[in-house]
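Student: Let us go through this model by its side chains. Please take one question at a time.

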Amino acid sequence: MPVSINLQQGYQLPQRYYVLLAGFFSQLLCLGVARFAYTPLLPLMQQQTILTDSSGGMLAAVNYLGYMTGALLAANLTNLRLKDSLYRLGLALAVVSTLGMALTQNVYLWSFWRFVAGLSSAGSMLIASGLIMHWLLSHKQRAELGIHFAGLGLGVALAAVLVELMLRLQLDWRAQWQYFTLLAVLLAIPAWRWLPRPASVTVAAYSRSADTPPTNRFYRLMLASYFCAGYGYVISATFIVTIVERMPGLTGSGNLSFIVLGLAAAPAVLLWDFIARKTGYLKAIMLALLAQMLAILLPLWFSSLTVVLLSAALFGATFIGVVSLVLTMAGRLYPSKPAKLMGKMTLAYGSAQVIAPALTGYLAEVSGYYTLGLYLAAGFVGLGALLIAILIVTDQTAQKLDLAK
């Protein structure tokens, strides 16, 4: 069985890293470009098009509806070759949906393309995660997805940097989406080429006897906690640039906060992998949620640029940690079918993300501020941490599971 892949004559790198880098580039494409380019572009689109706070929030909600649809599909797939085909379809959809945003000013067509982009992000987040986890386990490699999820953080930073550069070149919203499309094509190449096609039709490397199903109590509380995490995540992820731009004295700093968020997220996944090895996955998730709640609250209490950037860094370092830890935990609980539990967890995470942007956008349009929306987000994240704490204390299965090893 080959352990390395040769992409340049005379140079070899362990195949593990190319497999993880395929996921890394898929995250850059499907999330960094197809999903998160929208966030730093939202203020510009509101200035130059008919988008309002309410319709901007609606587009974000539709994006997550697409993500949920993809998650539901991923949760019910067992055929590895079909998963691989859908992963590659997702790469193509990410490119096409990015281009589609540049070709119209119709809110309903934008909604369609945001839905398609959501489908593509589910392919990268869930189907790719499952394929990579399966490859790692079947090749007796450490089952950690830190490098894979680092692409999400760098993708966020990359999107914000590019928008800032294109603003300095005085490019309008349409031209920016077109340049993002070109970048999307380039990112799709390694994402497509470096993930090996699966050797079998179904998951054969692990039998169901290798799975360690948790109790129903564990399952319900984890779903509820991840729903709360999804609510808190999506508010800052969607509106942070707009929120910062509207803060007194911080006009022009919105993209900087998004860059800091992304740069903090990229290495944080590796840090949370390390923390989980020491504490166990549940305690690491609880710590990440508590720190994320603080990150959401800080801009409400202090309006200085330093505090806002600290908040962005803390938020970036924690939201990606929660996602990476939960999905890795799901893969370890169910090595025979990692995407199944990943998909169900993501349905909980994603359902909150359909509700939260639309509600927050509406509240902001009515009140003129995002304050109430941020307090709601912080409250949900705090509740999610409390549910994990209850699980750790009361659930015997949770106490016995040594998920960190």
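Student: Is R88 buried or exposed?
Tutor: Buried means under 20% relative accessible area, exposed means over 50%, and partly exposed lies in between (1.4 Å probe, protein chains only). R88 has a relative accessible area of 4%. R88 is therefore buried.

Student: Before we go on, what are the ground rules?
Tutor: This is a predicted model, in which local features need pLDDT of at least 70 and side-chain atom pairs count only at pLDDT 80 or more, while totals for chains, interfaces and linings use all residues. Residues are numbered from 1 along each chain as its sequence is written, and side-chain values use heavy atoms, with hydrogens and water left out.

Student: Which side chain meets R88 in a salt bridge?
Tutor: A salt bridge is a side-chain nitrogen of Lys or Arg within 4 Å of a carboxyl oxygen of Asp or Glu. The bridge of R88 has an N to O distance of 2.9 Å. Its partner is buried, with a relative accessible area of 2%. That partner is D84.

Student: Why are R88 and D84 separated by about one helical turn?
Tutor: Helices (H or I, at least four residues) and strands (E, at least two) are DSSP runs, numbered from the N terminus. R88 and D84 both lie in helix α4, residues 80-102. They are about one helical turn apart because their spacing in that helix is 4 residues.

Student: How many residues apart in sequence are the parts that R197 and D84 tie together?
Tutor: The side chains of R197 and D84 meet in a salt bridge at 2.7 Å, N to O. R197 lies in the loop between α7 and α8 (216-245), whereas D84 is in helix α4, so the pair ties together parts 113 residues apart.

Student: Is R197 buried or exposed?
Tutor: D84, R88 and R197 are linked in a network of salt bridges. D84 is buried at 2%. R197 has 53% relative accessibility, so R197 counts as exposed.

Student: Over the face of which ring does R88 lie?
Tutor: A charge sits over a ring if NZ of Lys or CZ of Arg is within 6 Å of the ring centre and within 35 degrees of the ring normal. R88 is 5.3 Å from the ring centre. The ring is that of W192.

Student: Which residue does E164 meet in a salt bridge?
Tutor: The structure holds 3 salt bridges. E164 is partly exposed at 22%. Its partner is 4 residues away in helix α6 and counts as exposed at 64%. At 3.6 Å, N to O, the partner is R168.

Student: How are F24 and F25 arranged as an aromatic pair?
Tutor: Rings of Phe, Tyr and Trp (its six-membered ring) pair if their centres lie within 6.5 Å; planes under 30 degrees apart count as stacked, over 60 as edge-to-face and the rest as tilted. The structure holds 15 aromatic pairs. F24 and F25 sit 5.3 Å centre to centre, with 85° between the planes. Their arrangement is edge-to-face.

Student: How far apart in space are F24 and G151?
Tutor: F24 lies in helix α1 and is buried at 14%. Contact means heavy atoms within 4.5 Å. Leaving aside neighbours within four places in sequence, the contacts of F24 include I147, H148 and G151. F24 and G151 are 127 residues apart in sequence, yet their C-alpha to C-alpha distance is 4.4 Å.

Student: How are the rings of F36 and F258 arranged?
Tutor: The centres are 6.3 Å apart, with 55° between the planes. F36 is in the loop between α1 (15-33) and α2 (38-48), and F258 is in helix α9 (residues 254-279), 222 residues apart. F36 is buried at 1%, and F258 counts as buried at 1%. The pair is tilted.

Student: How many of the 11 residues of α2 are buried?
Tutor: The buried residues include Y38, P40, L44 and Q46. The helix is largely enclosed by the rest of the structure, because the buried residues number 9.

Student: What is the phi of Q170?
Tutor: Most residues other than glycine have a negative phi. Q170 lies in the loop between α6 (146-168) and α7 (173-193). Q170 counts as exposed at 73% relative accessibility. Although Q170 is not a glycine, its phi is positive, about 60°.
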